[in-house]
Amino acid sequence: VVLGTLALVVMAVWLAKVESDRGADLDTARADGLASIRLTGEIQTTGFGYRTQETLGILNGERADAELRDALAPAPIEPDNILAARQGALNGPGLLLEATREADSPRERAAAAELLERWQRYVDVSARIQTASVNGDRSQAVELSVGPGNSAFNGFNTAVESVLLDNRDQFLRGVQSANDRLGFLSLVMLLLPILAVLTVLFGFQIRINDYR
């Protein structure tokens with residue numbers, strides 16, 4: 001009976017430990033992976049939105065609305081900002097700055113700093129495109145847009161895709177880790193109750209034999 005009780009206690013403790021560790025893995029995947037995927041997706045969507053407005057501005061001879069640009073980073077990104085981003089010490093509004101604060105490892109902070117640097121390169125080219133557009137020099141605006149503009153924006157988007165891929169992998173690793181913890185649980189949940197029943201029956205059989 002004691003052995004059977006111990007088997008059930010072990011099963012209960014094992015089950016509680018697995019559930020606790022599995023919950024921690026899922027929380028980590030949600031916080032470090034899923035939240036970052038959402039933020040990175042928002043960064044990418046906002047960047048494409050601004051790029052679209054810039055293109056429309058060329059057609060209409062107008063400047064693009066700065067709202068989407070400022071939603072990513074409302075101020076120019078200086079070299080000191082890049083250094084601060086790599087150290088996780090860059091404060092201020094904007095999705096890109098939020099990404100630097102959400103980064104929780106040197107690799108992620110370096111990737112977030114790369115986003116800032118590449119976005120500023122594109123913004124610099126974008127300013128030249130819009131100046132040419134407003135001045136009525138549409139041919140120069142188009143030339144800048146399809147040349148340096150495309151190159152700078154593609155560099156930014158490639159960096160975003162790289163961060164998004166890392167975040168997805170991080171999320172999937174967390175989910176897989178939570179799933180792996182269930183690997184032996186079904187076997188334990190089957191064998192330990194059987195062991196408990198057999199040990200109890202064995203103990204009762206000993207007493208029955210004594211009475212006989």
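Seven aromatic pairs are counted in this predicted model, and one of them joins W119 and Y122, whose ring centres lie 5.3 Å apart with their planes at 50 degrees, so that the pair is classed as tilted. Both residues belong to helix α5, where a spacing of three residues puts W119 and Y122 about one helical turn from each other. Neither ring has much relative accessibility to show: W119 is buried at 1%, and Y122 is buried at 0%.

W119 also takes part in a pair with F156, in which the ring centres are 4.9 Å apart and the planes stand at 55 degrees, so this pair too is tilted. Here the partners come from distant parts of the chain, since W119 sits in helix α5 and F156 in helix α6, with their positions 37 residues apart in sequence. F156 counts as buried because its relative accessibility is 1%, a value that falls under the 20% limit for that class. Taken together, ring pairs connect F48, Y50, W119, Y122, F153 and F156 into a cluster, and W119 is a member that pairs both with Y122 and with F156.

From Y122 the path leads to E54, a residue of helix α1, which covers residues 2-60. When residues up to four places away in sequence are set aside, E54 touches A64, Y122, S126, I129 and S145, so that one of its contacts, Y122, is also a member of the aromatic cluster. Is this acidic side chain buried or exposed? E54 is buried, because its relative accessibility is 1% and the class takes in values under 20%.

Side chains of opposite charge can pair when their charged atoms come close. For E54 the partner is R51, and the closest N and O atoms of this salt bridge are 2.5 Å apart. The two residues are both in helix α1 and three residues apart, which corresponds to about one turn of the helix. R51 is buried as well, with a relative accessibility of 9%, so this salt bridge has a buried residue on each side, E54 at 1% and R51 at 9%.

The structure holds six salt bridges, and two others can be set beside the one just described. In helix α5, which spans residues 106-134, E114 and R118 are four residues apart, about one turn of the helix, and their side chains meet in a salt bridge with an N to O distance of 2.7 Å. Both partners are partly exposed, E114 with a relative accessibility of 24% and R118 with 25%; these values lie between the 20% and 50% limits, which is why neither residue is called buried or exposed.

The other salt bridge is found in helix α7, where D210 and R207, being three residues apart, are separated by about one helical turn. Their side chains meet with an N to O distance of 3.1 Å. D210 counts as exposed because its relative accessibility is 53%, and the limit for that class is over 50%, whereas R207 is partly exposed at 46%. R207 has a further relation to an aromatic ring, as its charged end sits over the ring of Y211, 5.8 Å from the ring centre.

Helix α7, which runs through residues 185-211, also contains L187. This leucine helps to make a nonpolar surface patch of about 650 Å², to which L190, L191, I194, V197, L198 and L201 also contribute. L187 is partly exposed, with a relative accessible area of 43%, and it can therefore meet the accessibility condition for such a patch, which asks for over 30%.

A last point returns to I129, one of the residues that E54 touches. I129 and Q140 are 11 residues apart in sequence, while their C-alpha atoms are 7.6 Å apart in space. Q140 lies in helix α6, made of residues 138-180, and is partly exposed, with a relative accessible area of 37%.

Conventions:
Residues are numbered from 1 along each chain as its sequence is written. This is a predicted model: local features need pLDDT of at least 70, side-chain atom pairs count only at pLDDT 80 or more; totals for chains, interfaces and linings use all residues. Side-chain values use heavy atoms; hydrogens and water are left out. Patches are made of residues with over 30% relative accessible area and no salt bridge: like charges are joined within 9 Å, nonpolar side chains (Val, Leu, Ile, Met, Phe, Trp, Tyr) within 5 Å. Accessible areas come from the Shrake-Rupley method with a 1.4 Å probe; for residues, only the protein chains shown count as cover. A salt bridge is a side-chain nitrogen of Lys or Arg within 4 Å of a carboxyl oxygen of Asp or Glu. Buried means under 20% relative accessible area, exposed over 50%, partly exposed in between (1.4 Å probe, protein chains only). Contact means heavy atoms within 4.5 Å. Rings of Phe, Tyr and Trp (its six-membered ring) pair if their centres lie within 6.5 Å; planes under 30 degrees apart count as stacked, over 60 as edge-to-face and the rest as tilted. A charge sits over a ring if NZ of Lys or CZ of Arg is within 6 Å of the ring centre and within 35 degrees of the ring normal.
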